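User: I have not looked at this structure before, and I would rather follow one part of it closely than tour the whole. Please start from one residue and work outward, explaining each term as you go.

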Amino acid sequence: MAPRRSGFVAAGLAGLLAFAACGGDAPPLLWEVQSDAGAPVSLLGTYHFGLSARADLPPAVWRHLERAALFLNEADTRFVDARLLLQQAALPAGQRLDELLSPAAFGELLRLLEPFPASQLATLRPWLIGSLLTARLIAPQEAIDLSLLTAAERAGKQLRSFETPEEQVA
């Protein structure tokens, strides 16, 4: 009999929405999908901020990862080019956030994101501003999807991603 193989998929948005709706004590979004034609696939919804994988994920998640031959995640963010990310996150030429927002709103962003330079903040798209604010408001810890990816790599799992970080940002 061939060994059971399962894929392990981290889907960030679903987990973040469930965490926000249910609170931190909610069980993880973990499913096992089985077909007649193949090995089972484990699906896990994750969130990027505020929890610790080792402290907050139940043992069932780690058992699924241990069984997996393949770890497939949203995007491997371990090797992000910060310069490229900032280029992709820039507003189109001629647009500035400090001109799109009221002076009071932009001033509040500066206060919340201090010491982020105003000149650079003014050039960023709202989605990155939202990510920066979220990171400030939620206790910083290693992202669960990154913790799982690191654990999968250490365990010798095959690693794949749905997209590159650059494709995700685009």
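Analyst: A good place to begin is Arg-67, which is partly exposed because its relative accessible area is 35%; here buried means under 20% relative accessible area, exposed over 50%, and partly exposed in between (1.4 Å probe, protein chains only). This is a predicted model, in which local features need pLDDT of at least 70 and side-chain atom pairs count only at pLDDT 80 or more, while totals for chains, interfaces and linings use all residues. Residues are numbered from 1 along each chain as its sequence is written, and side-chain values use heavy atoms, with hydrogens and water left out.

The chain as a whole gives the setting. Its secondary structure comes to ten helices and five strands, where helices (H or I, at least four residues) and strands (E, at least two) are DSSP runs numbered from the N terminus. Of the 170 residues in the protein chain, 29% are buried. Among contacts between residues at least 6 apart in sequence, 75% join residues at least 24 apart, a contact meaning heavy atoms within 4.5 Å.

Arg-67 has a charged partner: Glu-32 forms a salt bridge with Arg-67, and the closest N and O atoms are 2.2 Å apart. The two residues come from distant parts of the chain, since Glu-32 is in strand E2 and Arg-67 is in helix H3 (residues 59–67), with their positions 35 residues apart in the numbering. A salt bridge is counted when a side-chain nitrogen of Lys or Arg lies within 4 Å of a carboxyl oxygen of Asp or Glu. Side chains of opposite charge can pair when their charged atoms come close. Glu-32 is itself partly exposed, because its relative accessibility is 37%. Beside Glu-32 in the sequence is Val-33, also placed in strand E2 (residues 29–33), and Val-33 is partly exposed, with a relative accessible area of 42%.

Helix H3 also has an inward side. Val-61, Trp-62, His-64 and Leu-65 are the residues of H3 that are buried, and because they fall within an arc of 155° seen down the helix axis, they line one face of H3; that arc is taken from the directions from the helix axis to the C-beta atoms. On the other side of H3, Pro-59, Arg-63 and Glu-66 are exposed.

Val-61, Trp-62 and Leu-65 also belong to the largest nonpolar core, which has twelve residues, including Leu-44, Phe-71, Ile-144 and Leu-149. A nonpolar core is a set of buried Ala, Val, Leu, Ile, Met, Phe, Trp, Tyr and Cys residues joined through side-chain atoms within 4.5 Å. The elements that give two or more residues to this core are H3 and H9, and H9 gives the most, with five residues. In soluble globular proteins, nonpolar side chains tend to be buried together.

From this core the view passes to helix H9 (residues 144–154), where Ile-144 is found. Ile-144 counts as buried, because its relative accessibility is 2%, and its C-alpha atom is separated by 9.8 Å from that of Gly-45, although the two are 99 residues apart along the chain. Leu-149, another member of the core, touches Phe-71, Asn-73, Asp-76, Arg-78 and Leu-159, not counting residues up to four places away in sequence.

Helix H9 has a charged link as well. The side chains of Arg-78 and Glu-153 meet in a salt bridge, with 2.6 Å from N to O. Arg-78 lies in the loop between strand E4 (70–75) and helix H4 (82–88), whereas Glu-153 is in helix H9, so the pair ties together parts that are 75 residues apart in sequence. Both ends are partly exposed, Arg-78 with a relative accessible area of 25% and Glu-153 with 42%. This pair is part of a network of salt bridges linking Asp-76, Arg-78 and Glu-153. In the whole structure there are five salt bridges.

To return to the start, Arg-67 in H3 is linked to Glu-32 in strand E2, while the buried residues of H3 line one face of that helix, and both H3 and H9 contribute to the largest core.
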